[in-house]
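Open the model in your viewer, switch to a cartoon view and keep the selection box handy. We will go stop by stop, with something to select at each one.

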Amino acid sequence: MSSRLAVEIAGLKLGNPVMLASGILGSSGMTLKRVVDAGAGAVVTKSLGLEPREGYPNPTLVQVECGLLNAMGLPNPGVHCFGEEIMEAKELGVPMIVSIYGFSSGEFADVAEIAVDAGANALELNVSCPHVEKTGAEVGQSKELVAEVVNKVKNSVNKPIFVKLTPNVADIVEVAEAAVEAGADAITAINTVRAMTIDVETKTPILANKIGGLSGPAIKPIAVRCVYEIRRSVDVPVIGCGGISTWRDAVEFMLAGASAVQIGTAIAFSGLGVFKSVTEGIDAYLKEKGFRSVGEIVGLSNRD
Ligand code: SIN
């Protein structure tokens, strides 16, 4: 791996800046291993809560014109049951970030403590799932609630805290600022965009939950704008997420201000080879343009 690609995010050392996003292949040590073997610089698990959750009935996922629409409903075995998977994934040699959610700030903190005890290197707070009641974006749309959750988790564990924000707000910058003031060590931008699709034959929404979250190429320009705006106003690393499927997409996010990127939906369309192609492409770009590190291009288009 080229040394140009190494990055440090909130004290975590990554061999390359291309991470697995929460939500895909993040539910077991075995699948996380496949992602690491494919070249990810860090992995984020599927979101875990205090209790097991079945999630919504099917259909929970549908392909739309330029992406995927999902409403899984945060299915997970609960953080207690995931300990073994975390242990297994910890042996992989890349930072493992455990995505967590809660139905109160206290619950977020309880889940955080259990995940850290099991070996999480960092936590990503899911305050952005766009369709589960009383958690996710219902927290992330209020800067006061985000600050409360971050503060509580920060006081409970001694590991870096990433906060994954929702684009479904009028002003994402004020939420990012509140998160950072409360102690967030990094911001992940963005989670999915609230969306729906309807079958014209049956005349009903396709997802069982009716409304879900849109990911993939359709949301990339929204995500780039969010990263750009957040980077201008907070002084912690921003991790870009949303529609990245090529090295050009990744570089675009970095120029906007992302210190690293996360890939999710592109795995479904292109397979795990996307990690290698994006990483190699970033490296070739840096080399060709005469940059010695990823850090040299972070925010280059965001300096006026
Ligand atoms: C889900 O499990 O329904 C998606 C989670 C998310 O959007 O954060």
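## Stop one: β7 and its neighbours

Select β7 together with strand β8 (residues 122-126): the two pair in the parallel sense over four bridges. Keep in mind as you look that this is a predicted model. To find the register, click on Ile-97, whose bridge partner in β8 is Ala-122. Now follow the chain from β7 to β8: the path goes through helix α3 (residues 105-118), and this β-α-β crossover is right-handed.

Next, add strand β4 (residues 42-44), which pairs with β7 in the parallel sense over two bridges. Here Val-43 has Met-96 of β7 as its bridge partner.

Stay with β7 (residues 96-100) and show its side chains. How many of its residues are buried? Five of its five residues are, so the strand is mostly covered. In a regular strand the side chains alternate between the two faces of the sheet. In β7, Met-96, Val-98 and Ile-100 lie on one side and Ile-97 and Ser-99 on the other, and both faces are covered.

## Stop two: the barrel

Zoom out and colour the strands in the order β3-β4-β7-β8-β9-β10-β15-β16. These eight strands close into a barrel, with parallel pairing. From one strand to the next, the twist averages 25°.

For another piece of the barrel, select strand β10 (residues 186-189) and strand β15 (residues 238-241), which run parallel and are joined by three bridges. Thr-188 is a handy marker, with Ile-239 in β15 as its bridge partner.

## Stop three: the open sheet

Now select β5, β6, β14 and β11. In the order β5-β6-β14-β11, these four strands form an open sheet with antiparallel pairing. Which strands stand at its edges? They are β5 (61-64) and β11 (193-195); each has a single partner strand, so one side of each is left without a neighbour in the sheet. Ignoring direction, neighbouring strands of this sheet are turned by 35° against each other on average.

Inside this sheet, look at strand β6 (residues 67-70) and strand β14 (residues 212-215), which run antiparallel and are joined by three bridges. Click on Asn-70 and look across to Gly-213, its bridge partner in β14.

## Stop four: two packed helices

Hide the strands and show helix α5 (residues 143-154) with helix α6 (residues 172-181). They pack at an angle of about 25°, with their axes 8 Å apart. Angles under 35 degrees count as roughly parallel, and α5 and α6 are therefore roughly parallel to each other. The crossing in which α5 passes α6 is right-handed.

## Stop five: aromatic pairs

Finish with ring side chains shown as sticks; the count comes to two aromatic pairs. Tyr-101 and Phe-103 make an edge-to-face pair, 5.8 Å centre to centre with 85° between the planes. Buried or exposed, what is Tyr-101? At 1% relative accessibility, Tyr-101 counts as buried, whereas Phe-103 is partly exposed with a relative accessible area of 36%.

Then move to Trp-247 and Tyr-285, a tilted pair at 5.8 Å centre to centre and 40° between the planes. This pair links distant parts of the chain: Trp-247 sits in helix α8 (residues 247-256) and Tyr-285 in helix α10 (residues 273-289), 38 residues apart. Trp-247 is partly exposed at 27% relative accessibility, while Tyr-285, at 17%, is buried.

Conventions. Residues numbered from 1 in each chain as written. Predicted model: local features only at pLDDT ≥ 70, side-chain atom pairs only at ≥ 80, totals over all residues. Heavy atoms only, no water. Buried < 20%, exposed > 50% of the residue type's maximum accessible area, 1.4 Å probe, protein only. Pairing = 2+ DSSP bridges. Right-handed = clockwise from strand over helix to strand, strands pointing away. Phe/Tyr/Trp six-rings, centres within 6.5 Å; stacked < 30°, edge-to-face > 60°. Axes fitted to C-alpha atoms, helices over the stretch in contact; angles between N-to-C directions. Parallel < 35°, antiparallel > 145°, perpendicular 65-115°, else oblique. Left-handed = near helix turned anticlockwise from the far one by under 90°.
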